Every structure is written in C-alpha cells, then in structure tokens.
Amino acid sequence: MAKHIGVYLTDNKNKTIELPVNPQELKVNYETNDATEEVVKLGEVNRIGEMKLRTLSIESILPVTMKNVRYVTASKPLSSAQKYIDWIVAAQKTKKPVRLVVSGTKISMKMTLASFNYGLENANADEYTYTLALTEYKTYKAEKMKVTKKKVAKKGKSRPKPPKKIGRGSKVIVNGRLHLDSYGSAPGVTEHNALRKVNFIAPGRAYPYHVTLLNGGWRGWVKKSAVKAV
C-alpha cells in the first residue's frame, strides 16, 4: 500500500491544515551568501559565505468546494477553498512562523509565509490557482547592550615646570653676595637681579657657582640659592 504524502501547515495556535492538492513538485532551496572579490595576480575569486535562510515555493490549486473532487489528495481537507485562503491570510497576520511538514519525508521546519497569491485562471470558476512562498525562520533574541561611558580624567592643577638645569655657560639671575672663592672667603658686594653667566661650578662647596658678566668679566662665587636659571 502506497504511503500517504501530505503537505501540512501548523499555526502558532497548534491548528493544522493539510493542503488539499499536492503540488507537482516541492523543492527546498539551500543557498550560501557567496561574494566574488578581485585578488592581485589571481583575478576573481569566490568567497564562500554563511548559509542563507532556506526557501520553498508551493504552486497548486484550491478547489472551490472539496465535495466530489477526485483529485483532492488531503485525507481530511477543509470544506472549501475560501477556508484555506482565510487560514493562510490569518496566519500571515499573526506575524508568527508556521511549521511546514511533508509526511513521508524529513522536511519539517519553522517558516514564515513570505507571500501568498491566488486567483482564477482560464475562466475556470471551479478552482483557484495559488502560489505560497515560505522562508525559513530562525529563533533569535535581541539583547540590550550596556554602554559604559568612558571616564574622563578630571583636569587637575598643572604641575609646575621643573627648574632649568644650571651648568657652565648658563645664563642666570643672581640675588646674593659675591665671594672670593667657593669656600666663602672675602665677601664682597651683593648682586640684585643681575643677569650673569656661570663660569665655574664647584659641587659640594658652600658657594658652588662662579659668575661673570655676559661679556666674560669676573664677578665672584655665590650660594646655590642665589642663582636662578633664565
């Protein structure tokens, strides 16, 4: 005994219909999202992409009434074509996926009713022809991303510039008493905001800097605290 093959649709309320007349063909379309690119010295190449959503299109007929119609293949069809039309349109309006099952095969998947059109052909008022296009539905969940604001460091007080390093040849402002040597002997005149030049340095001495006029005329030795770099 031949196995019954039927095309079934189940809506989100778990109500199932079997299409009244099996389509002449039913093919599931598998496709990848490929792209072609140009590669230097190689030319055009094909970059294989991810799998696209599977699609399926059904073309068949809906007898206006199911009574005494020999070519109806459904074991328990609805009473009229209008019942099928109303069911499909109502399922579309819910914006919910349906489950498509083809008995006797492994075809069973959640799909959306992407498009549905029907009408009369060749002035035949006894049946409608229709096309039903379905697209695979994948469950997904949108997650709210928490955006953290980037902390900006508060502007603090600016650090004072480090004092300029004083060396031989440095120009300095002198405020202090001049001495004969770096030990502090023979104290002489006192300089006040005088622009001078460092001639010698004696680290570790009480009066480590020997200053001169800018043209080289000697002045004397002064304390470290008495000079400031210009």
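In the predicted model, Phe200 is partly exposed, its relative accessible area being 31%. The ring of Phe200 forms an aromatic pair with that of Trp218, in an edge-to-face arrangement with 5.8 Å between the centres and 75 degrees between the planes. Because Phe200 belongs to strand 11 (residues 190-201) and Trp218 to strand 13 (residues 218-222), this pair ties together parts that are 18 residues apart in sequence. Trp218 has a relative accessibility of 60% and therefore counts as exposed, since the limit for that class is over 50%.

The pair of Phe200 and Trp218 belongs to a wider set: a search of the whole structure finds four aromatic pairs. Another of these is formed by Tyr118 and Tyr128, which are also arranged edge-to-face, with a centre-to-centre distance of 5.4 Å and an angle of 90 degrees between the planes. This pair links distant parts of the chain, as Tyr118 lies in strand 8 (residues 108-119) and Tyr128 in strand 9 (residues 127-136), ten residues apart. Tyr118 is partly exposed, with a relative accessible area of 40%. Tyr118 and Tyr128 are also members of a cluster, in which ring pairs link them with Phe116 and Tyr130.

Strands 8 and 9 take part in an open sheet of seven strands, whose order is 2-1-7-8-9-6-3 and whose pairing is antiparallel. The edges of the sheet are strand 2 (16-18) and strand 3 (28-29), each of which pairs on one side only. At one of these edges, strand 3 pairs with strand 6 (residues 55-63) in the antiparallel sense, over two bridges. Asn29 has Thr55 of strand 6 as its bridge partner. Helix 1 (residues 81-93) packs on the sheet and touches strand 1 (7-10), strand 2, strand 6, strand 7 (98-102), strand 8 and strand 9. The direction of helix 1 makes about 125 degrees with that of strand 8.

Within strand 1, attention may be given to a single residue, Thr10. Thr10 has a relative accessible area of 16% and is therefore buried, the limit for that class being under 20%. When residues up to four places away in sequence are not counted, Thr10 touches Lys15, Thr16, Trp87, Val98 and Arg99. With Thr16, the side chain of Thr10 also makes a polar contact of 2.8 Å.

Key: Residues are numbered from 1 along each chain as its sequence is written. This is a predicted model: local features need pLDDT of at least 70, side-chain atom pairs count only at pLDDT 80 or more; totals for chains, interfaces and linings use all residues. Side-chain values use heavy atoms; hydrogens and water are left out. Rings of Phe, Tyr and Trp (its six-membered ring) pair if their centres lie within 6.5 Å; planes under 30 degrees apart count as stacked, over 60 as edge-to-face and the rest as tilted. Helices (H or I, at least four residues) and strands (E, at least two) are DSSP runs, numbered from the N terminus. Buried means under 20% relative accessible area, exposed over 50%, partly exposed in between (1.4 Å probe, protein chains only). Two strands pair if DSSP finds at least two bridges between them. Contact means heavy atoms within 4.5 Å. Axes are lines fitted to C-alpha atoms, for helices over the stretch in contact, and angles run from 0 to 180 degrees between N-to-C directions. A polar contact is a pair of N or O atoms within 3.5 Å; within protein, one must be able to donate a hydrogen and the other to accept it, and residues adjacent in sequence count only if both atoms are side-chain atoms.
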